[in-house]
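Colleague: I'm new to this one, so could you take me through a single part of it slowly? A close look at one strand and what surrounds it would be lovely.

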Amino acid sequence: MRASLAVVLFSISAAALAADAGEIKVVSGAAHIERGSVRLPARVGMPVQEADRVVTGVDGNVGITFADNSLLSIGPSSTFAIDRYVFDTTTHAGKFDSTLSKGTLAVVSGKMVKQSPDAMHVRTPSAIMGVRGTDFVVRVSDH
Amino acid sequence: MAVLVVAVMVALAIITAAPGETVTVLPSADGHVGTVVVQRGETQQVLHEAYATSLSGQPELTRLSAEQVQSTYGGALHALPARPATFLLYFITGTDELTEESKLELDKVLAALRARPSPDVLVIGHTDTVGDPEANDRLSAQRAETVKSFLIGIGIPAERIRTAGRGERELLVPTAANFDEPRNRRVEINVR
């Protein structure tokens with residue numbers, strides 16, 4: 001009994017502590033956020049969190065502003081995962097790891113990369129990209 | 001001539017539709033070009049020129065044109081959120097009252113908020129180098145909270161405002177330690 005209560009309390013505090021990584025600012029066409037087993041239609045104003053996946057349809061695009069002012073947008077027919085997002089607003093230390101499994105991605109790096117050049121990585125099926133303060137685009141074609 | 005045109009079109013089709021992975025560095029809004037390091041197994045490629053492009057399976061870097069980038073990435077690029085707008089506010093020394101110029105700046109903050117679809121605000125306090133760094137962390141956080149209450153007062157919902165205190169880590173005007181510099185005692189607002 002005591003143990004199960006502790007589990008409940010812990011999961012509540014963990015949920016409360018899971019700070020939002022960013023917020024969806026742009027949506028067009030069909031796009032979803034996959035959070036665990038839940039699939040939510042992407043909407044402007046929706047927060048995104050570490051471990052979320054952004055999945056777009058053939059006409060779907062999603063733009064996200066992250067806590068450190070990184071800007072990312074996911075193009076049509078894409079799958080993009082936020083693997084890890086940590087950002088300290090006082091020190092600007094942080095870690096931003098993400099994966100583009102397929103489709104297209106545009107990135108404008110933010111404050112954490114200015115603080116530490118090794119803070120941000122984007123993975124694709126065959127590569128790891130280290131981001132040193134720049135704008136760039138990535139495409140993963142599955143055919 | 002016609003053969004050349006066809007050859008160029010075929011080459012373009014290969015670059016824009018080839019299976020595999022493509023990474024291209026773009027010039028940023030202010031023209032600055034940064035660096036992306038692409039690691040594939042043991043191979044590392046460094047992209048640091050505008051439109052420099054890494055293609056999977058090709059050891060040599062190539063270069064896309066702006067038109068090729070637009071045709072491949074138009075959807076994603078169009079969906080990039082607007083760059084955060086930055087405003088600086090200053091206090092009359094020794095008070096928590098904004099200077100006259102800064103009161104006018106608040107109107108610009110409101111205009112920037114109205115121009116965005118789902119605006120949120122980050123309020124960031126900064127100090128000069130007078131005093132010890134830990135005290136300046138607290139002071140900068142307090143300044144940010146003060147400005148947050150101004151913003152709530154002019155109608156911005158509290159849940160759309162976050163605050164941060166950077167202490168003396170990000171001096172607008174670089175100075176030695178313990179230097180009284182009014183331009184460093186500021187609060188920065190990011191509208192996103």
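Modeller: Happy to! Let's settle on strand β4 of chain B, residues 52-55, which is covered on both faces. This is a predicted model, so please read everything here in that light. In a regular strand, side chains alternate between the two faces of the sheet. In β4(B), Ala52(B) and Ser54(B) sit on one side, Thr53(B) and Leu55(B) sit on the other, and all of them are buried.

Now look at the neighbours of this strand. Strand β1 of chain B, residues 20-26, runs antiparallel to β4(B) and is joined to it by three bridges. One pairing to find by eye is Thr22(B), whose bridge partner in β4(B) is Leu55(B). We have just met Leu55(B) as one of the buried residues.

Strand β5 of chain B, residues 62-63, also pairs with β4(B), again in the antiparallel sense, over two bridges. Here Ala52(B) stands opposite Arg63(B) of β5(B). Follow the chain from β4(B) to β5(B) and you trace a hairpin, with six residues between the two strands. In that turn, look for Gly57(B), which has a positive phi of about 85°.

To put the picture together: β4(B) pairs with β1(B) through three bridges and with β5(B) through two, while its residues Ala52(B), Thr53(B), Ser54(B) and Leu55(B) are all buried.

Notes. Residues numbered from 1 in each chain as written. Chains lettered and ligands numbered in written order. Predicted model: local features only at pLDDT ≥ 70, side-chain atom pairs only at ≥ 80, totals over all residues. Buried ≥ 20, exposed ≤ 12 C-beta atoms within 10 Å, placed from the backbone. Helix = DSSP H or I, 4+ residues; strand = E, 2+ residues; numbered from the N terminus. Pairing = 2+ DSSP bridges.
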